[in-house]
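Work through the exercises below with the sequence and the coordinates at hand. Try each task before reading its solution.

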Amino acid sequence: MNRSFFAQNPSILWFLAILGLFTLGVTLMAEATGTGLISTSFVKTLGKTLCLCLIAIAMDVVWGYCGILSLGHFAFFGIGGYAIGMWLMYARTEVIVTGSMANQVIPPSASEVSDAIASQIFGVVGASELPTIWSFAHSLPLQLMMVVLVPGLLALVFGWLAFRSRVTGVYLSILTQAMTLALSLYLFQNDSGLRGNNGLSGLQNIPGFESTPQSLVSMGFFWASALALAIGYILFAFVTSGKMGSVIRAIRDDETRVRFLGYHVESYKLFVFTLTAIVSGIAGALYYPQAGIINPAEIAPIASIYLAVWVAIGGRGRLYGAVLGTVFVTLASSWFTGGGAPDINLGFYTVKWTDWWLVLLGLSFVAVTLFAPQGIGGLVDKLVRKKA
């Protein structure tokens with residue numbers, strides 16, 4: 001990427017500058033690296049928000065730029081979380097098992113250690129053997145490859161089947177939602193190999209860093225999340241600019257005409273769909289170690305609908321709009337559902353925001369659709385043009 005690319009897209013430099021200042025500010029105020037004004041739990045919240053911003057940008061590219069309303073991208077997000085979670089859980093359990101067997105008169109064999117690890121992990125679902133899908137769980141490099149390969153291959157196969165059949169519009173949205181629902185229902189089963197409804201837990205305990213304070217571990221993930229968001233923003237800005245960006249937006253506006261002009265529409269759509277799925281998987285791999293747990297409920301279809309709401313509120317077709325919408329909704333959600341917003345006593349009824357948050361979110365979505373269809377990003381654009 002040369003200077004002309006950034007010169008043609010000044011919003012990238014603005015975004016990177018704001019993200020850099022934000023990261024520096026949090027670092028200076030965090031418990032582990034600064035004054036302690038920001039708690040470790042809130043650092044984790046901010047780190048998770050950055051990961052959600054990354055998947056929101058991916059969603060904006062596939063929907064706002066390419067016109068594919070995918071209601072399944074949170075499935076790719078969850079797959080990335082499960083992939084890294086398998087290694088985290090295996091490695092942590094291995095430390096516990098080898099420590100408990102260290103004082104035995106006869107050193108345990110590798111198979112005995114493996115059996116003990118399997119019993120520890122899957123005893124909760126009545127199993128004692130590692131499923132086949134855990135074959136690479138002992139290796140961090142291999143599991144990191146799974147973070148990229150599994151969401152990418154799933155998106156590639158699904159997209160190839162859907163796009164070659166020229167499924168578009170609401171029918172494609174229903175198919176992506178069905179894919180997510182099928183995956184979620186499968187993962188709820190105990191014999192799925194991923195502990196069913198129990199999911200994978202204890203992911204915040206990073207193997208090799210047992211003696212490191214959680215405050216410092218959370219800062220490490222926060223920095224990694226900020227870096228991933230910066231790289232993802234530059235990547236998608238590059239994809240949506242130039243000739244490729246023009247073709248992608250043209251597909252969104254008039255797919256038939258683009259096909260008539262000789263472009264292989266299916267290839268462009270498949271590339272965007274697969275690339276955004278891979279980035280979503282990476283975002284999930286960074287998110288769930290900060291959350292500490294992942295279970296099938298995390299990737300239910302409603303999660304992907306929330307993702308679409310974030311992008312719509314932020315403003316489709318604007319990468320920074322997806323970030324604005326995600327930050328606004330997730331931090332507002334934490335405030336309203338975490339007890340930050342005081343209850344309102346009306347005398348005859350007490351408004352408890354933990355119960356009314358989803359209603360408020362729905363009303364916000366309707367209000368944006370009716371009165372600000374270009375979202376928060378559109379309002380920012382108008383403000384910038386007025387000042388110019």
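The model is predicted.

**Exercise 1. A buried pair**

Task: Are glutamate 255 and lysine 269 buried or exposed? Find out how they interact, and which elements they join.

Solution.
- Step 1: burial. Both glutamate 255 and lysine 269 are buried. For glutamate 255 the relative accessible area is 16%, and the cut-off for buried is under 20%.
- Step 2: distance. The closest N and O atoms of glutamate 255 and lysine 269 are 3.2 Å apart. The cut-off for a salt bridge is 4 Å, and the two residues form one.
- Step 3: placement. Glutamate 255 sits in helix 10 and lysine 269 in helix 11 (residues 265–291), so their pairing ties together parts 14 residues apart in sequence.

**Exercise 2. From a pair to a network**

Task: Which residue in helix 10 is about one helical turn from glutamate 255? Then extend the search to the network of salt bridges.

Solution.
- Step 1: the partner. Arginine 259 is four residues from glutamate 255 in helix 10 (residues 255–260), so about one helical turn separates them.
- Step 2: the contact. The side chains of arginine 259 and glutamate 255 form a salt bridge, at 3.1 Å from N to O.
- Step 3: the network. Salt bridges link Arg166, Glu255, Arg259, Glu266 and Lys269.
- Step 4: the total. The structure has five salt bridges.
- Step 5: another pair. Arginine 252 and aspartate 253 also form a salt bridge, with the closest N and O atoms 3.0 Å apart. Arginine 252 is partly exposed, at 32% relative accessible area. Aspartate 253 is exposed, at 58%.

**Exercise 3. A buried charge without a salt bridge**

Task: Where does aspartate 60 lie, and what does its side chain reach?

Solution.
- Step 1: placement. Aspartate 60 belongs to helix 3 (residues 40–65).
- Step 2: look for a charged partner. Side chains of opposite charge can pair when their charged atoms come close. Aspartate 60 is buried but has no salt bridge. Arginine 316 is the nearest side chain of opposite charge, 6.6 Å away. The salt-bridge cut-off is 4 Å.
- Step 3: look at the backbone. The aspartate 60 side chain reaches the backbone nitrogen of leucine 319 at 3.5 Å.
- Step 4: list the surroundings. Leaving aside neighbours within four places in sequence, aspartate 60 has contacts that include Tyr65, Val311, Gly315, Arg316 and Ala322.

**Exercise 4. Positive phi angles**

Task: Most residues other than glycine have a negative phi. Examine arginine 166 and arginine 195. What is the phi of arginine 166, and what is that of arginine 195?

Solution.
- Step 1: the angles. Arginine 166 has a positive phi of about 55 degrees. For arginine 195 the phi is positive too, at about 65 degrees. Arginine 166 is not a glycine, and neither is arginine 195.
- Step 2: placement. Arginine 166 is in the loop between helix 6 and helix 7 (169–188). Arginine 195 is in the loop between helix 7 and strand 1 (200–201).
- Step 3: accessibility. Arginine 166 is exposed, with a relative accessible area of 53%. Arginine 195 is buried, at 8%.

**Exercise 5. Serine 192**

Task: Is serine 192 buried or exposed? Identify the backbone atom that its side chain reaches.

Solution.
- Step 1: placement. Serine 192 lies in the loop between helix 7 and strand 1.
- Step 2: burial. Its relative accessible area is 5%, so serine 192 counts as buried.
- Step 3: polar contact. The serine 192 side chain reaches the backbone nitrogen of leucine 194 at 3.4 Å.
- Step 4: other contacts. Beyond four places in sequence, serine 192 touches Ile133, Tyr186 and Leu187.

**Exercise 6. Leucine 183 and a nonpolar patch**

Task: Which residues does leucine 183 touch beyond four places in sequence? Then find the area of the nonpolar surface patch that includes Val157.

Solution.
- Step 1: placement. Leucine 183 is in helix 7 and is partly exposed, at 21% relative accessible area.
- Step 2: contacts. Leucine 183 touches Ala75, Ile79 and Ile299.
- Step 3: separation. Leucine 183 and alanine 75 are 108 residues apart along the chain, yet their C-alpha atoms are 7.6 Å apart.
- Step 4: the patch. The nonpolar surface patch covers about 870 Å². Among its residues are Phe136, Met145, Val157 and Trp160. Valine 157 lies in helix 6 (residues 140–164).

Conventions. Residues numbered from 1 in each chain as written. Predicted model: local features only at pLDDT ≥ 70, side-chain atom pairs only at ≥ 80, totals over all residues. Heavy atoms only, no water. Buried < 20%, exposed > 50% of the residue type's maximum accessible area, 1.4 Å probe, protein only. Helix = DSSP H or I, 4+ residues; strand = E, 2+ residues; numbered from the N terminus. Patch = residues over 30% accessible without salt bridge, like charges linked within 9 Å, V, L, I, M, F, W, Y side chains within 5 Å. Areas by Shrake-Rupley, 256 points an atom, 1.4 Å probe, with all protein chains shown as cover. Lys, Arg positive; Asp, Glu negative; His and termini not counted. Polar contact = N/O pair within 3.5 Å; in protein donor to acceptor, adjacent residues only side chain to side chain. Contact = heavy atoms within 4.5 Å.
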